[in-house]
Amino acid sequence: MTLNELIILCKKQDAKAQGELYKRYSNVLFSICLRYSPNYVEAEDSLQDTFITIFKKIEQFKDKGSFEGWMKRVTVNTVLQKYRKKRVFDIRDEGQLEDEVDEQVEDNDIPLDFLLEIIQQLPDRYRLVFTMYVMDGYSHKEVADMLGITDGTSKSNLARARAILKTKIEAYNAAKEAK
Amino acid sequence: MNMSDKKNIDQLFKERFKDFEAAPSPQVWENIQSQMAEKKEDRKVIPLWWKLGGIAALLALLLTVGNAVFNPFDQEPSIVNEDVETVKETDSETNTDAPIILDTEERVLASEENTSEQTIENTEDASENSSNKNIKPEDKTVQEKKVTQNTIANENFKTKVQEKTDSRVTEKNKIAAQKKKEEMAVAASDKNEDKTVPSVNKNDADIINTKTETTIAATKGENNKDKNAVVTETKTTSETTVAATEDSSENKKQSIFDAIEATETAAVTVKNKPENRWEVAPNVAPVYYNSLSEGSSIDPMFADNSQNGDVNLSYGVQVSYAITDRLSVRSGVSNVDLSYATGNIELGTGPAALGLRSINYNDKAIVTIPVDQGSISNNLTPENPFNNLTPKSASGNVQLVQNLTYYEVPLELKYAILNNKFGINVLGGFSTLFLGNNEISVEADNLNESLGEANNLSNVSFTTNVGLGFDYKISKKFKFNIEPMFKYQLNPYTDSSVDFKPYYLGIYTGFSFKF
């Protein structure tokens, strides 16, 4: 079945097609959820909500642009919605932290699991900004719009995220060297 | 330490996560499925209603009431559910089979124990009772016979399994016959087992009587097990045992597949039918009433007067039943208010005897009498019957208004030409009209007086209806409908000389709800 056929069937709420769509894309979308969530369980929750949204709103997908891109946007929006509800971003600007810190770290064959773990351990607002900006290529303006914060907050959150990640990676490297 | 390069932290994460994929647990998909099934049931349409306000709010109320009355049990088996249920059903079937087999095994085990005991006893008693066939040394021939019988039975069985399906019933009989033989053999050889085997068989018989193919297959399995039991008990060849076990498992598999197939075909046939056949549709319509001919229903003298149809309201509820996806038949009840006005008249007062024949003046002696304009003032000749009327002053546009209320019971067919999100339908049928209130009154700028009822109206009349229906499907169950209908009255007046051919046009609007 081509992707187009699959989309058409999904628009008709065909249960089999929905299953197939899930089979094809759940892994990619789950990786996004994992990066945006503090843990595995919440990531699964988000993935679930994401697919419900996709199945419900697939009608709205016009054949412009990539379907995968559309699904990824739905995923990000679904995850962010949770944080909007939680009012994570209703915090005062913590003052600007200029991101002119040296962000170089040694890549000592750091395992992916560890990198994911330290992303997930970041406080919500840092994690979201970091993963949006660095890994999903959103601009500070887009990040700010989507999270309902200012550009400045986005930038300083990013800087703080980097600083925390850097510390953890350095600690990891040091521990590894000590062995 | 191997010297690794220094990297920008962003770069590091970007690179490492570029092809990152992870598999969620299967539970996620299960949750999604069940949630989708739920979603189908409770689509939220209520907020939308309020937005439409006015009429829509009223309709919503009617709809809710209608829903409570007509749909006391909510049943919408979604497709997803069906699938799940199918699997569950098959599961449960196999589950119910399992205990039965277990049961047999238990019994067999029990019998085995018993037999061994018995055998020991028997050996002890050997000298005393030489006629006991169960005594080992003497029993060889019997045992051998039995074994051969079993092997033959099993072989037969195998070929039959390959033959499969249709001959099942006869097969069953054969097996039953075999079983009987076997029983006899067992009975002959072992009295103790005699006790247990019939009880097992009784069990079998019950199942055969009550259950379907699946269980028949399962019983076959049991059957084999019975043989097994005999074989193991006599402790001869293990080969036959293995063959028999294989048979039974083969059987079981087959039966499960058959069951799945059967349920699947059942599911398919279910899907072909329209999901919800019944639909209730409260509606309101502005209705325009007028006549196709020039005549007047009130008095021939007004035949050439100006007549204006008025716009009134019709409201009601319709219930339709879908015969196929496209064709439905519907009926219901609605209240139709109709009115039309006759102009170019003047008014006079006079004795009731001079009043219009078609009006019941309610026993008043002096009544207001509408007449053709100019009848009183311009025509003072003695022959003029209206000479005796005293002109009644009325300013502005004087009109004779007839108001009618009908209770309409339609019977219509609706055929969908287009049946997508947006639908187009052709409608046709007829309605029975039961006359409710009717009133003839005169209206002018300075007066509004009811004269009485018209006496020439049929209590029951009919209309022929044609129309077009447009609908917009808000969800699977809710539709918004607009139906312009033309309804032509066939026999509205008892007096066939009345040259008045009324029709009414309505634009019926409303929501419909499927259940």
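Q: How many residues do chain A and chain B each put into their contact?
A: This is a predicted model, where local features need pLDDT of at least 70, side-chain atom pairs count only at pLDDT 80 or more, and totals for chains, interfaces and linings use all residues. Residues are numbered from 1 along each chain as its sequence is written, chains are lettered from A and ligands numbered from 1 in the order in which they are written, and side-chain values use heavy atoms, with hydrogens and water left out. Contact here means heavy atoms within 4.5 Å. On that basis, the tally is 42 residues from chain A and 29 residues from chain B.

Q: How much area do chain A and chain B bury between them?
A: Buried area is the accessible area (1.4 Å probe) that two parts lose on being put together, summed over both. Carbon and sulfur atoms carry 64% of it here. For chain A and chain B, the total comes to about 3600 Å².

Q: Which residues of chain A lose the most area to chain B?
A: Three residues stand out, and together they make up 17% of what the chain A side buries. They are Gln48(A), Asp107(A) and Leu112(A).

Q: Which side chains meet in a salt bridge?
A: The rule wants a side-chain nitrogen of Lys or Arg within 4 Å of a carboxyl oxygen of Asp or Glu. Across this interface it finds 1 salt bridge. The N to O distance is 2.6 Å, and the partners are Asp10(B) and Arg162(A).

Q: Which element gives the most to the side of chain A that touches chain B?
A: Elements here are DSSP runs numbered from the N terminus: helices are H or I with at least four residues, strands are E with at least two. Several supply at least two residues to this side, among them helix H3 (40-57), strand E1 (104-106) and helix H8 (151-178) of chain A. With 11 residues, the top contributor is H2(A).

Q: Which residue of chain B stands opposite Glu106(A)?
A: Two strands pair if DSSP finds at least two bridges between them. E1(A) and strand E1 (residues 6-8) of chain B manage 3 bridges, in the antiparallel sense. In E1(B), the residue facing Glu106(A) is Lys6(B).

Q: Is Lys479(B) buried or exposed?
A: Lys479(B) sits in strand E14 (residues 478-489) of chain B. Buried means under 20% relative accessible area, exposed over 50%, and partly exposed in between (1.4 Å probe, protein chains only). Because its relative accessibility is 9%, Lys479(B) counts as buried.

Q: What joins the side chains of Lys479(B) and Glu279(B)?
A: Outside its neighbours within four places in sequence, Lys479(B) is in contact with several residues, including Glu279(B), Asp471(B) and Phe511(B). A pair of N or O atoms within 3.5 Å can qualify as a polar contact; within protein, one must be able to donate a hydrogen and the other to accept it, and residues adjacent in sequence count only if both atoms are side-chain atoms. Lys479(B) and Glu279(B) are joined by a polar contact of 3.1 Å.

Q: How many bridges join E6(B) to E8(B)?
A: An open sheet of 3 strands in chain B has the order E8-E6-E9, with antiparallel pairing. Its edge strands, E8 (366-372) and E9 (390-391), each pair on one side only. Strand E6 (residues 345-351) of chain B and E8(B) run antiparallel, and the number of bridges is 7.
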